[in-house]
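These are my notebook entries on a structure I had not looked at before. I record here what I looked up, entry by entry.

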Amino acid sequence: MDRRRALLLENIDPVAAELLRAAGYETESVRGALDEDDLVAALDGVEVLGIRSKTQVTADVLRRRPGLAAVGAFCIGTNQIDLRAAAEAGVAVFNAPYSNTRSVVEMAIAEIIILARRLVDRDRALHAGTWDKSASGSHEIRGRTLGIVGYGNIGSQLSVLAEALGMRVLFYDLEDKLALGNAERCDTLEELLERAETVTLHVDGRAGNAGLFGAEQFSRMRRRSLFLNLSRGFVVDHEALRDHVLSGHVAGAAVDVFPDEPREQGDAFTSVLRGLPNVILTPHVGGSTQEAQHDIGRFVAGKLADYAGAGTTTLSVNLPTVALHGSSAARFALLHRNVPGVLARVDALVGEHGLNVDGQVLATRGELGYAVTDVSAALPPDLLAALRALPETVRLITVGTRAD
């Protein structure tokens, strides 16, 4: 049997390749992202794909490479992957929802202080040879009001640290989230914008957030307030931000994500925000600390290895969550259409081939069901053929061997 293959793109931490090799994968690492056609070509014979934020795993990619079994997003977001198409193709998707939270929060805190003190302008002046020792426009953040849009893992931790530094914290989220510390929930985004002196975005990549922040939202912000976006590039209208910075309505901004980002390190970068006063531009590095990238590599590669080795889908973002503990002579996992009677037919087939079910877990998610089954002896080829032939079967995986 050919060795199982994994492909890691976008400069993923080497620990991921180490873990996948230990799990039995021949692993190739590529520094940059790939466009669709190049990705399809590179996926020939590949079971496991690892990406970050730039590579797009579309429905067409999944259709053209049916041998792909799992995708690891070595980042928080998964909007670069067609999750529905992946589920329908039986491709498990995993991400790292927590690993770089602290790195993003620390960067947001640092940028809030830098903007409030106008250190960007002081730095540029001194590099240009001008000594501008002045307190004009420079403020402490203690006692000022921070408005957090999106109160998830990052927003809530930012809330705690900002409050520890003496800030008042407001937040707005579409979901009903528990306020931490003394943070106060706002009923509407408009309420938050009218009350906060610094606004920071930490929303997810769902399609509904596209264009969330434009001219209307900037105009509602308090005059001379600060703005940060460390979430998604398509959330903010950069032309509107530029206009409000130049008019003085927004006193400073920090932007880490952009609607169109270069594919590789060293590529040219263009933006209407370049050269603006008291504006920090960073190349999507909010979560890019060595500690975070190492932990992301370890976490996601571990999930991919667990899926290949035991059929475990814990924290999968698109498949039912199943973890079957213990061991037996053999194990298979069946992803199937969620209709009545499938599990009964699976167990009947197992019995017809002279095997006992030693352990079994089933979970469903929308239109899909996922069952992991331990049996008492090696899996006969004709049993596997019968399971594949079930009309409800999406993908059959013989755990620990090559995915079908």
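**Entry 1: the four-stranded sheet**

Before reading the sheet I fixed one term: two strands pair if DSSP finds at least two bridges between them. I note also that the model is a predicted one.

I then looked up the order of strands in the open sheet of four. I found β14-β15-β13-β16, with antiparallel pairing. Which strands are at the edges? They are β14 (357–365) and β16 (393–398), each of which pairs on one side only. On average, neighbouring strands of this sheet are turned by 15 degrees against each other, direction ignored.

I next took up the pair formed by β13 and β16. Strand β13 covers residues 330–337 and is joined to β16 by five bridges, the two running antiparallel. Within this pair, I found L335 opposite R395 of β16.

What packs on the sheet? I recorded helix α12 (residues 342–352), which touches β13, β14 and β15 (368–375). The direction of α12 makes about 150 degrees with that of β13.

**Entry 2: strands β1 and β2**

I turned to the strand pair β1 and β2. These strands run parallel and are joined by five bridges. Is β1 covered or open? I found β1 mostly covered, since four of its five residues are buried.

I followed R5 in particular. The bridge partner of R5 in β2 is E26. The side chain of R5, however, meets that of E28 in a salt bridge, at 4.0 Å from N to O. R5 lies in β1 (residues 4–8) and E28 in β2 (residues 25–29), so this salt bridge ties together parts that are 23 residues apart in sequence. I checked the accessibility of both partners: R5 is partly exposed at 23%, and E28 is partly exposed at 40%.

**Entry 3: salt bridges within helices**

How many salt bridges does the structure hold? I noted 21. As general background, side chains of opposite charge can pair when their charged atoms come close. I looked up two further examples.

The pair D60 and R63 has its closest N and O atoms 2.4 Å apart. Both residues belong to helix α3 (residues 59–64), where they are three residues apart, about one turn of the helix. D60 is partly exposed, with a relative accessibility of 26%, whereas R63 is exposed at 58%.

The pair R220 and E216 forms a salt bridge with its closest N and O atoms 3.9 Å apart. These two residues lie in helix α9, four residues apart, again about one turn. Both R220 and E216 are partly exposed, R220 at 33% and E216 at 48%. Shared partners also link salt bridges into a network, which joins D37, D60, R63 and R64.

For the spacing in these helices I recalled a general point: an α-helix has 3.6 residues a turn, so residues three or four places apart point the same way.

**Entry 4: Q217 in helix α9**

I stayed with helix α9 to look up Q217, which is found there. Is Q217 buried or exposed? I found Q217 buried, at a relative accessible area of 14%. Apart from neighbours within four places in sequence, Q217 is in contact with L189, L193 and L212. I also took one long distance: Q217 and V300 are 83 residues apart in sequence, and their C-alpha atoms are 36 Å apart in space.

**Entry 5: helix α10**

My last entry concerns helix α10, residues 238–246. Which of its residues are buried? I listed H238, A240, L241, H244 and V245. Seen down the axis of α10, the buried residues fall within an arc of 155 degrees, so they line one face of the helix. These buried residues pack against α9 (215–220), β10 (225–229), β11 (250–255) and β12 (279–281).

I then looked at the ends of α10. At the N-terminal end, D237 acts as a cap: one of its side-chain oxygens lies 3.0 Å from the backbone nitrogen of E239. Just after the helix, G248 takes a positive phi of about 90 degrees.

Methods:
Residues are numbered from 1 along each chain as its sequence is written. This is a predicted model: local features need pLDDT of at least 70, side-chain atom pairs count only at pLDDT 80 or more; totals for chains, interfaces and linings use all residues. Side-chain values use heavy atoms; hydrogens and water are left out. Buried means under 20% relative accessible area, exposed over 50%, partly exposed in between (1.4 Å probe, protein chains only). The arc is that of the directions from the helix axis to the C-beta atoms. Contact means heavy atoms within 4.5 Å. A polar contact is a pair of N or O atoms within 3.5 Å; within protein, one must be able to donate a hydrogen and the other to accept it, and residues adjacent in sequence count only if both atoms are side-chain atoms. Axes are lines fitted to C-alpha atoms, for helices over the stretch in contact, and angles run from 0 to 180 degrees between N-to-C directions.
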